[in-house]
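Please look over the sequence and the model together before reading on. The report below walks through the strands, two of the helices and one of the pockets.

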Amino acid sequence: AVQTPWTEKFINNLDDLISQPVLTGPLLYSQNNRDKHEKKMLREKLYPENSQKKILLHAATPFGWNYLHPWVNLTHDEYILHINDLIRAVEKIEGLYLAVRIRLKSFYGMSLEEIKRLFISSKCYGIYTEGSFEEYLIASDLLVSFSSTTIEEALQNIIPVLQYDPFNRYCHIPAQKLEKNGDSEISPIYYASSFSDLSWGIKWIANNYLNKKEEDYLDWSDHILEPKIDWFDKIINR
């Protein structure tokens, strides 16, 4: 079941594909079918004191050394660094709020309080473990991640993405690179490979995109899959 254009490209590049790809579009991913009033109410419910700010949502899953994911996933120490860098960048910019979505099961044997002690202290962010991820995503203005299916899910919902890779080793999806001394353009997806580029880049995104709402001028076609309407009928007929 192909849910995104990036999944389709990956499958099309496989040499020994046995299965027959079916272009279903999002099945497991959330889909943004809420109007502006519903989104406003959702923001006020999730972020009552910060609903008027631009919301950056961090979503990623760390893996312990007992898993063989050394390249495309974050270890626990990298995950903590990832978020602390983001906190340092966001707290310097007025009008932004960082929502950190954490899976407690990713920190086996640790309580939420113990996990919280790993992050630097700041009023610019909050940690969230309960409720539907779909609601947090739809109520946000920008998703920040390293490598996750949430990247493709956000793009499906017309929510821009910032891929932050301070280790300069992996880019989940080709993106507009943010460099302090480079030329940056408005894009559905960005990439920063250092803390200085992250700090500068978030401010650049806020000034040039989040505070201007120019999504109507962006081309999202590379990221949104138009499903075959009759895909289920064809399976039944077989």
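Helices, at least four residues long, and strands, at least two, are DSSP runs that are numbered from the N terminus. With that numbering, the residue Ile-158, which comes just after helix α6, takes a positive phi of about 60°. The model described here is a predicted one.

**The sheet**

The strands form an open sheet of 7 strands in the order β3-β2-β1-β4-β5-β7-β6, and the pairing is parallel. The edge strands of this sheet are β3 and β6 (176–177), each of which pairs on one side only. The table lists three of the strand pairs, with the number of bridges and one pair of residues that stand opposite each other.

| Strand pair | Bridges | Residues opposite each other |
|---|---|---|
| β1 and β2, parallel | 6 bridges | Leu-56 and Leu-98 |
| β2 and β3, parallel | 4 bridges | Arg-101 and Tyr-128 |
| β4 and β5, parallel | 3 bridges | Ser-145 and Gln-163 |

Strand β2, which takes part in two of these pairs, is mostly covered, since 6 of its 6 residues are buried. Is one face of β2 buried or exposed, and what of the other? Both faces are covered, with Leu-96, Leu-98 and Val-100 buried on one side, and Tyr-97, Ala-99 and Arg-101 buried on the other.

**Helix α3**

Helix α3 covers residues 76–90, and at 1.5 Å a residue its 15 residues should span 21 Å, which agrees with the 21 Å between its end C-alpha atoms. Of those 15 residues, 11 are buried, so α3 is largely enclosed by the rest of the structure. Among the buried residues of α3 are Glu-78, Tyr-79, His-82, Asn-84 and Asp-85, together with Ile-80, Ile-83, Leu-86 and Ile-87. Which elements cover the buried residues of α3? The cover includes the strands β1 (54–59), β2 (96–101), β3 (125–128), β4 (142–145) and β5 (161–164), and also the helix α7 (195–210).

**Helix α6 and the second largest pocket**

Helix α6 is mostly covered as well, with 7 of its 8 residues buried. These buried residues are Thr-150, Ile-151, Glu-152, Glu-153, Ala-154, Leu-155 and Gln-156, and they pack against α1, β1, α5 (133–138), β4, β5 and β7 (189–192).

The second largest pocket has a volume of about 300 Å³. Of the 16 residues that line this pocket, the closest to its centre are Thr-61, Arg-103, Phe-133, Ser-148 and Thr-150. Helix α6 (residues 149–156) gives the largest share of the lining, 3 residues. When the residues of the lining are sorted by kind, they divide into 6 nonpolar, 7 polar and 3 charged.

**A residue before the helices**

Gln-3 is found in the segment before α1 (5–12). Does Gln-3 count as buried or exposed? The relative accessibility of Gln-3 is 13%, and because buried means under 20%, Gln-3 counts as buried. Gln-3 and Trp-204 are 201 residues apart in sequence, and their C-alpha atoms are 31 Å apart in space.

Terms used
Residues numbered from 1 in each chain as written. Predicted model: local features only at pLDDT ≥ 70, side-chain atom pairs only at ≥ 80, totals over all residues. Heavy atoms only, no water. 1 Å grid on protein atoms, 1.4 Å probe; cavity = no way out; pocket = protein on both sides within 12 Å on 5 of 7 lines; lining within 4 Å. Points joined across faces, edges and corners; volume = space filled by probe spheres on them. Nonpolar A, V, L, I, M, F, W, Y, C, P; charged D, E, K, R; others polar. Expected span 1.5 Å × (residues − 1). Buried < 20%, exposed > 50% of the residue type's maximum accessible area, 1.4 Å probe, protein only. Contact = heavy atoms within 4.5 Å. Pairing = 2+ DSSP bridges.
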